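Colleague: I should like to learn how to read the overall architecture of a model before turning to its details. Could we work through one together?

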Amino acid sequence: EEPQLLQQQEEEQSQSVSLQDCLKLLKGERDEQRLAGLLLVTKFCKSDDLVSLRAIYDAVGPHFLDRLLRTGLGKGVVSSGSGENRDAYLQLSVTVLSAFCRVSEIASSKEMVSKVPMIFEVMSMNRSGMPVLEECYEFLYLVSTASEDGLTALYESGGIKLLAHQMSALPDGSHLMELAMKLVQLMLKKLSQGIVENDHLSELSVIVTKIARQFALLQNALKFEALHLLSAIFSSEYSTLLHDALRVIQNENWSNHMRDGVATILQNRVAPAEKFEALILAESMVSIKGEGWLIGQINLPNVQDPIPADRCLLLVLESSRVEVAVLLNELAYSKYEASKSSSSTAETIISKQQKVTIVFSLVEKIIKLISNIGETEGHHLDENTFIKAINGLNETIGVVLEYLQDAKEHGQKVGNDLLASVRLVGSYLAEAPVACEDKITELLGYMLSVEGEHESSPFYSVCFLLPMLCQKTMKIEGCKLLASSGGYKAVVDCLMKLIEQNRNGVENNGCIFLACDTIMNLLKMEQMTFSEDESTFISLLKALALWTEKTNDPSVVMMASSICTLIFDMTSENALLNHPSLSSSCLNSLSRLIARSLASWGQDMSDAAKADMDLLEIVTAGYSRWADRFPQIQKAVER
C-alpha cells in the first residue's frame with residue numbers, strides 16, 4: 001500500500017506543478033503563451049477535476065476563448081493564427097469549451113450560451129471525420145441542461161433541423177447517438193410550444209425514423225432510452241400532427257423497426273411502465289399505418305429462426321388484455337374504495353383513465369383487424385392464431401363488462417371511462433352480437449344510460465351500441481330485451497338528436513339509418529304499443545317530419561315513411577290531433593311524406609332506389625291497413 005500512496009502523492013504533486021505552470025501561461029500577455037497553456041490543459045487536466053477547470057477558465061478568460069473559436073471559424077485572428085492552423089485552433093477551442101462546461105456555473109453563463117450558434121456552425125461544416133463532433137454534442141448537452149437560456153438557444157438556433165440532418169450519419173448505439181437523443185428529449189418541451197408555427201413536423205418525423213432504428217437494433221440501455229423518447233413524442237400534444245407527417249414518409253424501414261422494437265419489449269421481462277410505453281408506440285403505429293401494421297415480419301438481432309408474422313399482434317393483444325384488467329381494477333378501487341378527499345386520488349383516476357383510453361383504442365383496432373381479416377390483401381391468420389385472438393378479446397370484453405357492472409352497482413353512470421367502456425363493448429358486439437349474452441342482457445339498459453362527462457344525455461353510448469342493437473333486434477328475443485329495458489327510448493332520443501344534427505349540416509347517415517332500422521325492427525315485431533309512451537312516439541313523428549321536409553333523398557323519404565307507417569298502425573288521426581304537442585301542420589307534413597313515398601310505386605327505379613323496395617312494401621301494406629283512420633293522409637295520397 002505504501003508504494004501506491006507514494007505514487008499517488010507524486011502524481012498529485014506533478015499535477016499541481018503542471019497546473020501552476022499552466023495558469024502562468026494562461027495569464028500571459030501574448031496569445032502564444034495562452035495557446036501553450038490551453039494545450040497543456042488538454043494534456044493533464046481530468047474532465048472530472050471541476051476545481052482545476054474553474055481555475056483554468058478564470059485564468060484564460062472568456063474573451064480569449066471567444067477569439068480562438070472565431071479564428072477556427074475564420075472570423076477572427078489569434079496572434080500566430082495562420083490559415084493552415086485554423087483546424088487546429090478549432091479543435092482546441094471546442095475541446096476546451098466542452099471541458100469547461102462540465103462546471104455548471106460556466107455552462108450556464110451568458111458567454112457559453114452565446115456560443116451555441118457558433119457550435120452549430122462548426123457541426124454544419126461537414127468536414128469528413130471531424131474530430132471534435134463529439135465535443136460539440138457534449139457542449140450543447142451541457143449548456144442546454146445547465147440553464148433554461150441554454151435550452152432556448154439550442155432550440156432557437158435550429159437544434160431540431162440540425163439533428164434531423166445529422167442523426168442519420170451517426171453510428172448506431174454510439175455515444176454521439178446517445179447525446180443526440182438526449183438533446184431531442186430536452187427540446188420536446190420547446191417543441192410543444194412552437195411546433196405548429198415553426199413547422200418542425202417534417203424534421204421531427206425524420207428524427208423519429210432514426211430513433212426507431214436504435215429502438216429496433218440495440219440490445220442495451222440505449223434501447224430503453226429510445227423507447228422512453230419515442231413514447232414521450234407520441235404522447236405529446238402534437239402527436240396527431242406528427243402522425244400526418246409520418247404517413248408521407250416513403251421508406252417503410254422505420255415502421256418495421258418500430259414493430260421489431262415493440263415485439264422485443266413485450267416478449268421480455270421488463271418493468272410494467274416500459275411495457276405500457278411499448279403499447280403507446282403500438283397504438284400510434286396502428287393509427288399511422290393501419291391495423292395491418294400488427295402483422296408483419298419481425299427481425300431481431302441474433303435471432304436466426306424466422307418469427308411468425310402474427311407474433312406482434314398476439315403480444316400486443318395479450319399485453320393490452322393484462323393492462324385492461326390491471327387498470328380497471330385499480331381505477332375501480334380508486335373511485336369506490338380509496339379516500340374521496342385525497343387530491344392524489346383524483347390525479348390517479350385521471351392518469352389511469354388516460355391509460356385506459358390508449359389500451360381500449362388498441363383493443364378496438366385489433367377487433368377491426370380480426371373482423372376484416374381475409375378481406376385485407378396480404379393479411380392472413382392461421383386458425384390457431386385466430387382462436388387465440390378471439391379468446392383474448394372475449395376475456396378482455398368480459399373484464400370491461402365487470403367494470404361496468406361495478407359502476408352500475410355503485411350508481412355511477414357518468415364518466416369518460418364508462419363511455420369508453422361502452423364504446424369498446426359496442427365495437428366488439430357489432431362483430432359478435434351473440435357474445436357475452438347473459439351479461440349484455442343484464443347490463444343493456446345501464447349501458448344505454450351511460451353519459452360522458454360533458455354530456456347532458458346518453459347520446460354517444462347509444463351511438464356506440466347501435467350496430468349491435470340493429471342486429472339483435474332482428475330477432476324477437478332482442479326486441480323483447482330492448483323493449484323491456486326501456487332502451488328503446490334512448491334509441492329514439494338518439495335518432496332525434498342525429499336528425500337535428502343532420503338538419504344543422506352535420507352528416508352521420510350511418511348512425512341515423514342504424515337507429516331507424518333498430519326502431520323499425522321493434523315496431524315490426526309488435527313489441528310496442530302507442531299507449532305505453534305516447535310522448536316518445538309523438539316526438540319521433542315530429543322529428544321525422546322535419547327531417548324529410550326539405551330532402552329529395554329517396555332513402556331518407558322511404559325510411560322515415562316506413563317508421564311513420566308502423567307507428568300509424570297503433571293509433572289514429574283523431575288521437576294524434578288530440579295530442580297537445582302535435583300540430584295540424586305537422587300532420588300535414590306527415591301526410592305529404594306518405595304521399596311522396598307511395599307515389600314512387602311502379603316508377604322506374606335506379607339500382608339504389610330498388611334497395612328501398614322492401615320499405616315501399618311496408619308503406620303500401622301499412623297504408624292499406626290504416627288509411628280509413630287517417631282521412632287527411634288519404635286526401636294527400638289521392639291528389
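Colleague: What share of the contacts in the protein with a separation of 6 or more comes from residues 24 or more positions apart?

Modeller: Please note at the outset that this is a predicted model. Residues 24 or more positions apart account for 74% of the contacts with a separation of 6 or more.

Colleague: How many helices and strands are there in the protein?

Modeller: The protein has 33 helices and zero strands.

Colleague: How much of the protein is buried, and what is its accessible surface?

Modeller: Of the 639 residues, 51% count as buried. The accessible surface comes to about 29,900 Å², and carbon and sulfur atoms contribute 49% of that area.

Colleague: At what angle do the axes of helix α2 and helix α4 cross?

Modeller: In reading a helix pair, one takes the crossing angle, and 65 to 115 degrees counts as roughly perpendicular. The axes of α2 (residues 31-44) and α4 (residues 62-72) come within 12 Å and cross at roughly 90 degrees; the two helices are therefore roughly perpendicular to each other. By class, their contact has five nonpolar, no polar and three charged residues.

Colleague: Which residues meet there?

Modeller: From α2, Asp 31, Arg 34, Leu 35 and Leu 38 take part, and they meet Phe 64, Leu 65, Arg 67 and Leu 68 in α4.

Colleague: Is helix α11 mostly covered or mostly uncovered?

Modeller: Burial is judged residue by residue, with under 20% relative accessible area as the cut-off. Helix α11 (residues 159-166) is mostly covered, with six of its eight residues buried. These are Gly 159, Ile 160, Leu 162, Leu 163, Ala 164 and Gln 166.

Key
Residues are numbered from 1 along each chain as its sequence is written. This is a predicted model: local features need pLDDT of at least 70, side-chain atom pairs count only at pLDDT 80 or more; totals for chains, interfaces and linings use all residues. Side-chain values use heavy atoms; hydrogens and water are left out. Buried means under 20% relative accessible area, exposed over 50%, partly exposed in between (1.4 Å probe, protein chains only). Helices (H or I, at least four residues) and strands (E, at least two) are DSSP runs, numbered from the N terminus. Contact means heavy atoms within 4.5 Å. Accessible areas come from the Shrake-Rupley method with a 1.4 Å probe; for residues, only the protein chains shown count as cover. Axes are lines fitted to C-alpha atoms, for helices over the stretch in contact, and angles run from 0 to 180 degrees between N-to-C directions. Angles under 35 degrees count as roughly parallel, over 145 as roughly antiparallel, 65 to 115 as roughly perpendicular and the rest as oblique. Ala, Val, Leu, Ile, Met, Phe, Trp, Tyr, Cys and Pro count as nonpolar, Asp, Glu, Lys and Arg as charged, and the others, Gly among them, as polar.
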